[in-house]
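These are my notebook entries on one protein chain, set down in the order in which I looked things up. The sequence and the structure come first.

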Amino acid sequence: MNKRTQLLEVIAALPEELVDQALNYVQMLQNPIQITPKVCGGQARIRNTRIPVWTLVAYRQQGAPDEELLSNYPGLTAEDLSAAWHYYEQNPEQIDQEIAHDDLV
């Protein structure tokens with residue numbers, strides 16, 4: 001039995017009121033980028049944090065290596081950073097606009 005099948009069996013065995021929470025957690029692990037209204041102004045952020053993608057991208061554009069970001073944000077993983085870079089590749093105009101807006105504030 002593979003791990004995916006084992007996980008599905010564990011989720012299926014949970015009490016009904018916990019199934020949605022478990023499924024949300026699994027989805028969050030698969031995609032660490034979240035957009036939630038009223039959290040970080042609805043901007044893309046790293047799962048369950050208040051660290052916007054644009055902040056990480058701005059630091060990277062200023063020359064900060066991944067190791068420095070991981071050190072400065074100990075709750076982040078290398079996979080989180082990879083997801084942020086991928087999100088930026090897919091949405092450069094949005095993230096660049098958020099960086100520019102922050103520079104004006």
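**Entry 1. Glutamine 34 and glutamine 43**

I began with glutamine 34, which I located in strand β1. The model is a predicted one. I looked up the accessibility of glutamine 34 and found 18%; because the cut-off for buried is under 20%, glutamine 34 counts as buried. I then looked for a partner of its side chain. A polar atom of the glutamine 34 side chain lies 2.8 Å from the backbone nitrogen of asparagine 48.

I turned next to glutamine 43, which sits in the loop joining β1 (33-34) to β2 (45-46). Is glutamine 43 buried, exposed or partly exposed? I found a relative accessible area of 21%, so glutamine 43 is partly exposed. With neighbours within four places in sequence set aside, I listed its contacts as Gln34, Ile35, Pro52, Trp54 and Glu98. For tryptophan 54 I noted a polar contact between the two side chains, at 2.9 Å. As a distance check, I took the C-alpha atoms of glutamine 43 and asparagine 72: they are separated by 21 Å, and the two residues are 29 places apart along the chain.

**Entry 2. Two positive phi values in the loop between β1 and β2**

I kept to this loop and looked at backbone torsions. Most residues other than glycine have a negative phi. Lysine 38 is in the loop between β1 and β2, and I recorded for lysine 38 a positive phi, near 70°. Cysteine 40 is in the loop between β1 and β2 as well, and its phi is also positive, near 55°.

Which of the terms buried and exposed applies to lysine 38? Its relative accessibility is 82%, so I entered lysine 38 as exposed. Cysteine 40, by contrast, has a relative accessibility of 17% and therefore counts as buried.

**Entry 3. The largest nonpolar core**

Which residues touch the most other members of the largest nonpolar core? I found Ile33, Val53, Leu56, Trp85 and Ile95, in a core of 19 residues. At least two residues of this core come from each of α3 (53-61), α5 (78-90) and α6 (92-104).

I followed isoleucine 33 further. Beyond four places in sequence, isoleucine 33 is in contact with Ala44, Arg45, Ile46, Val53, Ala83, Ala84 and Tyr87.

**Entry 4. Packing of α3, α5 and α6**

I took the helix pairs in turn, starting with α3 and α5. Their axes are 10 Å apart and the packing angle is about 90°, which means that α3 is roughly perpendicular to α5. On the α3 side I listed Val53, Leu56, Val57, Arg60 and Gln61, which meet Leu81, Ala84, Trp85, Tyr87 and Tyr88 of α5. By class, the residues of this contact are 8 nonpolar, 1 polar and 1 charged.

For α5 and α6 I noted axes 5 Å apart and an angle of about 105°. This pair is therefore roughly perpendicular. Tyr87, Tyr88, Glu89 and Gln90 of α5 make the contact with Pro92, Gln94, Ile95 and Asp96 of α6. I counted the classes here as 4 nonpolar, 2 polar and 2 charged.

The remaining entry on packing concerns α3 and α6. The angle is about 80°, with 9 Å between the axes, so α3 and α6 are roughly perpendicular to each other. From α3, Val53, Trp54, Val57, Ala58 and Gln61 meet Ile95, Asp96, Glu98, Ile99 and Asp102 of α6. The classes in this contact are 6 nonpolar, 1 polar and 3 charged.

I then looked up alanine 58, which lies in α3. Alanine 58 counts as buried because its relative accessibility is 12%. From its C-alpha atom to that of tyrosine 25, which is 33 residues away along the chain, I recorded a separation of 28 Å.

**Entry 5. Helix α1**

How many residues of helix α1 (residues 3-13) are buried? I found 1 among its 11 residues, and I entered α1 as hardly covered. I also checked the N-terminal end of α1, where asparagine 2 acts as a cap. A side-chain oxygen of asparagine 2 lies 2.7 Å from the backbone nitrogen of threonine 5.

Terms used. Residues are numbered from 1 along each chain as its sequence is written. Side-chain values use heavy atoms; hydrogens and water are left out. Helices (H or I, at least four residues) and strands (E, at least two) are DSSP runs, numbered from the N terminus. Buried means under 20% relative accessible area, exposed over 50%, partly exposed in between (1.4 Å probe, protein chains only). Contact means heavy atoms within 4.5 Å. A polar contact is a pair of N or O atoms within 3.5 Å; within protein, one must be able to donate a hydrogen and the other to accept it, and residues adjacent in sequence count only if both atoms are side-chain atoms. A nonpolar core is a set of buried Ala, Val, Leu, Ile, Met, Phe, Trp, Tyr and Cys residues joined through side-chain atoms within 4.5 Å. Axes are lines fitted to C-alpha atoms, for helices over the stretch in contact, and angles run from 0 to 180 degrees between N-to-C directions. Angles under 35 degrees count as roughly parallel, over 145 as roughly antiparallel, 65 to 115 as roughly perpendicular and the rest as oblique. Ala, Val, Leu, Ile, Met, Phe, Trp, Tyr, Cys and Pro count as nonpolar, Asp, Glu, Lys and Arg as charged, and the others, Gly among them, as polar.
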